[in-house]
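Work through the exercises below with the sequence and the 3D view side by side. The model is a predicted one.

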Amino acid sequence: MQDTAKPATRVLIVDDHPVVLSGCRTLFASDHSIRIEEATDAKSGHRAYISKRPDVTVIDISLPDVSGFELMRRIRKDDPDAKIIMFSMNDDPAFVVRAVELGAQGYVSKGDDPRILLKAVRKVVAGDNFISPQLAEAVTFSGAAIKANPASQMTPRELEILRLLGRGDKIVEVAEALGISYKTVANTTSLLKQKLGAKNHSDLIRIAVEIGIG
């Protein structure tokens, strides 16, 4: 008799926290229809996506090399149909909205019940979008706060440069991390100062810390 069992759903988890990865292993171990792969930074996560082509990728926004937003951009450049869930401690509604604008099909807070992530994976694999109920409600009732958040004023490239500057990277290091020229980073930094009303480099770092994009 021909085996008609459905193939396992392949989930790539990109997160640099061992406790989170361990928790995900435990969570998904209860569902034999899901097989997970792991990566601990954007570079290895991108490489794993290209080689494994998972059905859905779960990405932490705060990664040690570049952000989860930048990783999502790179993955979607290679595969516009990639299904991505952002998984983060940052539950600011402005970041939820930005993630969706950049192409994420899901957003789950690490503060949620772990079973929410399992539900999100199933929903997104099925072709639906999913935002944690608590976050969805916050987005609905936070229109003014979202518009006031500096993150809503920035392009993805500006957001990534500000994040890297905020964690203490020098302009040359930002350029190397993003694979762009020193001049591009320097020009963008000047534009960010104007856009955000920052008087100097230290002001930019302060803003990055205040809006929680580190």
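**Exercise 1. Find which residues of helix α1 are buried, and decide how they are arranged around the axis.**

Step 1. Take under 20% relative accessible area as buried. In α1, Val20, Leu21, Cys24, Leu27 and Phe28 pass.

Step 2. Consider the spacing. An α-helix has 3.6 residues a turn, so residues three or four places apart point the same way.

Step 3. Check the arc. The buried residues of α1 cover only 125 degrees around the axis, which puts them on the same side of the helix.

Step 4. Turn to the other side of α1. Pro18, Val19 and Thr26 are exposed there.

Step 5. Identify the cover. The buried residues of α1 lie under elements that include β1 (9-14), β2 (34-39), β4 and α5 (114-125).

**Exercise 2. Test the length of α1 (residues 18-29) against the expected span.**

Step 1. Count 12 residues at 1.5 Å a residue; the helix should span 16 Å.

Step 2. Compare with the model. The end C-alpha atoms of α1 are 16 Å apart, so the two values agree.

**Exercise 3. Place strand β4 (residues 84-88) among its neighbours, and state how it is covered.**

Step 1. Assess burial. For β4, 5 of 5 residues are buried. Ile84, Met86 and Ser88 lie on one side, Ile85 and Phe87 on the other.

Step 2. Pair β4 with β3 (residues 56-60). The two run parallel over 4 bridges. Asp60 has Phe87 of β4 as its bridge partner.

Step 3. Pair β4 with β5 (residues 106-109). These strands are also parallel, joined by 4 bridges. Ser88 is bridged to Ser109 in β5.

Step 4. Trace the crossovers. β3, helix α3 (residues 68-78) and β4 form a right-handed β-α-β unit. β4, helix α4 (residues 93-101) and β5 form a right-handed unit as well.

**Exercise 4. Which helix gives the most residues to the largest nonpolar core?**

Step 1. Locate the core. It has 42 residues, and those with the most contacts inside it are Ile59, Phe69, Met86, Tyr107 and Leu162.

Step 2. Name the contributor. Helix α8 (residues 156-166) gives the most, with 5 residues.

Step 3. Separate the other core. A core of 20 residues lies apart, with Val20, Ala120, Val124 and Phe130 among them.

Step 4. Examine α8. Of its 11 residues, 9 are buried. They pack against α3, α4, α9 (171-178), α10 (182-196) and α11 (201-210).

Step 5. Look past the end of α8. Gly168 follows, with a positive phi near 105 degrees.

Key: Residues numbered from 1 in each chain as written. Predicted model: local features only at pLDDT ≥ 70, side-chain atom pairs only at ≥ 80, totals over all residues. Heavy atoms only, no water. Core = buried A, V, L, I, M, F, W, Y, C linked by side-chain atoms within 4.5 Å. Buried < 20%, exposed > 50% of the residue type's maximum accessible area, 1.4 Å probe, protein only. Pairing = 2+ DSSP bridges. Right-handed = clockwise from strand over helix to strand, strands pointing away. Contact = heavy atoms within 4.5 Å. Expected span 1.5 Å × (residues − 1). Arc of directions from axis to C-beta.
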